[in-house]
Amino acid sequence: MVVQIGRRDRESYLKPDGWLATLCKTLFGFEQVTRLADPRLEALRMLVIALGRRHPRPAIFKAALAAGITRQQIDFLVDRQGLR
C-alpha cells in the first residue's frame, strides 16, 4: 500500500516546507501533516516518490537504510516495480 501511495504523491513532499507553510506554523501553530505515522513506512514512501520522479537523492537513500529498509528491498523497488 505504501508503494502505491508513494506513486501517487506529489514531488513537493520531498521538498522542505516553503515560506508560507513556515509562516503558518509560526503564527498559528498548525501545519499540514503529510507524514505516515511509522517512520519506516514514511522512509519507504519518500524513497518511492524519489525513485518515481527520478530524483534519487543520497539523503533519501540514507534515511531509508537507517529506517531499516535493506539494499535488496530498494533494488526490488527499482527492478520489479519499474521505479527507475
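This passage walks through the fold, the helix packing, the salt bridges and the surface of a predicted model.

Start with the overall layout. The protein chain has five helices and zero strands, so there is no β-structure to look for under the DSSP-run criteria used here. Reading from the N terminus on, the elements simply run α-α-α-α-α. Of the 84 residues in the protein chain, 26% are buried.

Next comes the packing of two of these helices. Two packed helices are described by the angle between their axes and the distance between the axes. Helix α3 covers residues 39–52 and helix α4 covers residues 58–66. The two pack at an angle of about 150°, and their axes lie 9 Å apart. Angles over 145 degrees count as roughly antiparallel, and α3 and α4 are therefore roughly antiparallel to each other. As for handedness, α3 passes α4 in a left-handed crossing.

A couple of C-alpha pairs show how parts of the chain that are separated in sequence sit relative to each other. Arg 7 belongs to helix α1, which spans residues 2–8. Its C-alpha atom is 10.0 Å from that of Leu 47, although 40 residues separate the two along the chain. Arg 7 is partly exposed, at a relative accessible area of 33%. Towards the other end of the chain, Gln 73 is found in helix α5, residues 71–80. Gln 73 and Leu 44 are 29 residues apart in sequence, yet 9.8 Å apart in space when taken C-alpha to C-alpha. Gln 73 also comes out as partly exposed, with a relative accessible area of 35%.

Now for the charged side chains. Side chains of opposite charge can pair when their charged atoms come close. With a cut-off of 4 Å between nitrogen and carboxyl oxygen, the count comes to two salt bridges.

One of them joins Glu 42 and Arg 45, with the closest N and O atoms 2.9 Å apart. Both residues lie in helix α3, three residues apart, or about one turn of the helix. Buried means under 20% relative accessible area, so Glu 42 counts as buried at 7%. Arg 45 is buried as well, with a relative accessible area of 2%.

The other salt bridge is between the side chains of Asp 75 and Arg 71, which meet at 3.6 Å, N to O. This pair sits within helix α5, and the two residues are four apart, again about one turn of the helix. Here the setting is partly exposed on both sides of the bridge: Asp 75 has a relative accessibility of 30%, and Arg 71 has a relative accessible area of 45%.

Finally, there is a nonpolar patch on the surface. Trp 19, Leu 20, Leu 23, Leu 27 and Phe 28 form this patch, and together they have about 610 Å² of accessible area. Leu 20, one of the patch residues, is found in helix α2, which runs over residues 19–28. Leu 20 is partly exposed, with a relative accessible area of 48%. Patch residues need over 30% relative accessible area, so Leu 20 clears that cut-off at 48%.

Definitions and conventions: Residues are numbered from 1 along each chain as its sequence is written. This is a predicted model: local features need pLDDT of at least 70, side-chain atom pairs count only at pLDDT 80 or more; totals for chains, interfaces and linings use all residues. Side-chain values use heavy atoms; hydrogens and water are left out. Patches are made of residues with over 30% relative accessible area and no salt bridge: like charges are joined within 9 Å, nonpolar side chains (Val, Leu, Ile, Met, Phe, Trp, Tyr) within 5 Å. Accessible areas come from the Shrake-Rupley method with a 1.4 Å probe; for residues, only the protein chains shown count as cover. Buried means under 20% relative accessible area, exposed over 50%, partly exposed in between (1.4 Å probe, protein chains only). Axes are lines fitted to C-alpha atoms, for helices over the stretch in contact, and angles run from 0 to 180 degrees between N-to-C directions. Angles under 35 degrees count as roughly parallel, over 145 as roughly antiparallel, 65 to 115 as roughly perpendicular and the rest as oblique. A crossing is left-handed if the near helix is turned anticlockwise from the far one by less than a right angle, and right-handed if clockwise.
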